[in-house]
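Open the structure in your viewer and keep the selection tool at hand. Let's take a short tour, one stop at a time.

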Amino acid sequence: MATIQIKRAYDPAEPTDGFRVYVDKLWPRGLSHETFHYDLWDKEIAPSTELREWFHADPENRWDEFARRYREELNANPGFASLKDAVKGKRTVTLLYSSHDTERNNAVVLRDALAA
C-alpha cells in the first residue's frame with residue numbers, strides 16, 4: 001500500500017511527493033499550467049458542486065456532515081475505484097488540494113478513504 005499524503009497545490013513540488021494527484025474540480029486560482037506539477041488531475045473524484053458549495057457556506061459547523069456525505073459520494077463513484085487502481089503500486093502518493101483549510105478539506109476525506 002502506498003504512503004498517502006496531502007498537500008496544498010500552492011506548496012512547491014518536491015521529489016518526496018511521489019505520484020501527485022490534484023483532486024479538486026476547479027483549477028487552483030493563480031497557478032499557471034506551466035508551473036503547477038501534477039501527474040493526474042482527477043476532477044471526477046472531487047465532491048459534487050452541490051456538496052462543495054453547501055460545505056463552504058459554513059465549514060466549521062458542517063465538517064462532520066460534509067465528510068460523511070463525501071464518503072457516500074466516493075462509495076457510489078466508479079472513479080474512486082479507478083483512482084485506487086491508478087495509485088496501486090505507487091510508493092508515495094500526494095493528494096493536492098486548493099483549500100486554505102489544511103484540516104477540513106476533501107483531500108483529508110479522500111486520503112482516509114484510500115487508506116481504508
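Start with the lining of the largest pocket, coloured by residue class: you should find 9 nonpolar, 6 polar and 6 charged residues. Keep in mind as you go that this is a predicted model. The volume of this largest pocket is about 480 Å³. To find its centre, select Asp24, Arg52, His56, Ser98 and Ser99, which are the closest to it of the 21 lining residues. Which helix gives the most to this lining? Select residues 49-56: this is helix 1, and it contributes 3 residues.

Stay with helix 1 and add helix 2, residues 59-76. Their axes come within 8 Å of each other and cross at roughly 165 degrees. Angles over 145 degrees count as roughly antiparallel, so that is how helix 1 runs relative to helix 2. The crossing of this pair is left-handed. Now show side chains: on the helix 1 side pick Leu51, Trp54, Phe55 and His56. Their partners in helix 2 include Pro59, Trp63, Phe66 and Tyr70, and also the charged-looking names on your list, Arg62, Glu65, Arg69 and Glu73. Sorted by class, the residues of this contact are 7 nonpolar, 1 polar and 4 charged.

Next, hide helix 1 and bring in helix 4, residues 106-115. Are helix 2 and helix 4 parallel, perpendicular or oblique to each other? Their axes cross at roughly 50 degrees and come within 10 Å, and the two helices are therefore oblique. This time the crossing is right-handed. To see the contact, select Trp63, Phe66, Ala67, Tyr70, Arg71 and Leu74 in helix 2, then Asn106, Val108, Val109, Leu110 and Ala113 in helix 4. Coloured by class, this contact shows 9 nonpolar, 1 polar and 1 charged residues.

For the last stop, keep helix 4 on screen and select helix 3, residues 78-87. The axes of helix 3 and helix 4 lie 11 Å apart, at an angle of about 70 degrees. The pair is therefore roughly perpendicular, and helix 3 passes helix 4 in a right-handed crossing. Zoom in on Phe80, Leu83 and Lys84 from helix 3, which meet Leu110, Ala113 and Leu114 from helix 4. By class there are 5 nonpolar residues and 1 charged residue in this contact, with no polar ones. Leu110 and Ala113 may look familiar, as they also take part in the contact of helix 4 with helix 2.

Definitions and conventions:
Residues are numbered from 1 along each chain as its sequence is written. This is a predicted model: local features need pLDDT of at least 70, side-chain atom pairs count only at pLDDT 80 or more; totals for chains, interfaces and linings use all residues. Side-chain values use heavy atoms; hydrogens and water are left out. On a 1 Å grid over the protein atoms alone, a cavity is a set of points where a 1.4 Å probe fits but cannot get out, and a pocket is an open set with protein on both sides within 12 Å along at least five of seven lines; lining residues have an atom within 4 Å of a point. Grid points are joined across faces, edges and corners, and a volume is the space filled by probe spheres set on the points. Helices (H or I, at least four residues) and strands (E, at least two) are DSSP runs, numbered from the N terminus. Ala, Val, Leu, Ile, Met, Phe, Trp, Tyr, Cys and Pro count as nonpolar, Asp, Glu, Lys and Arg as charged, and the others, Gly among them, as polar. Axes are lines fitted to C-alpha atoms, for helices over the stretch in contact, and angles run from 0 to 180 degrees between N-to-C directions. Angles under 35 degrees count as roughly parallel, over 145 as roughly antiparallel, 65 to 115 as roughly perpendicular and the rest as oblique. A crossing is left-handed if the near helix is turned anticlockwise from the far one by less than a right angle, and right-handed if clockwise. Contact means heavy atoms within 4.5 Å.
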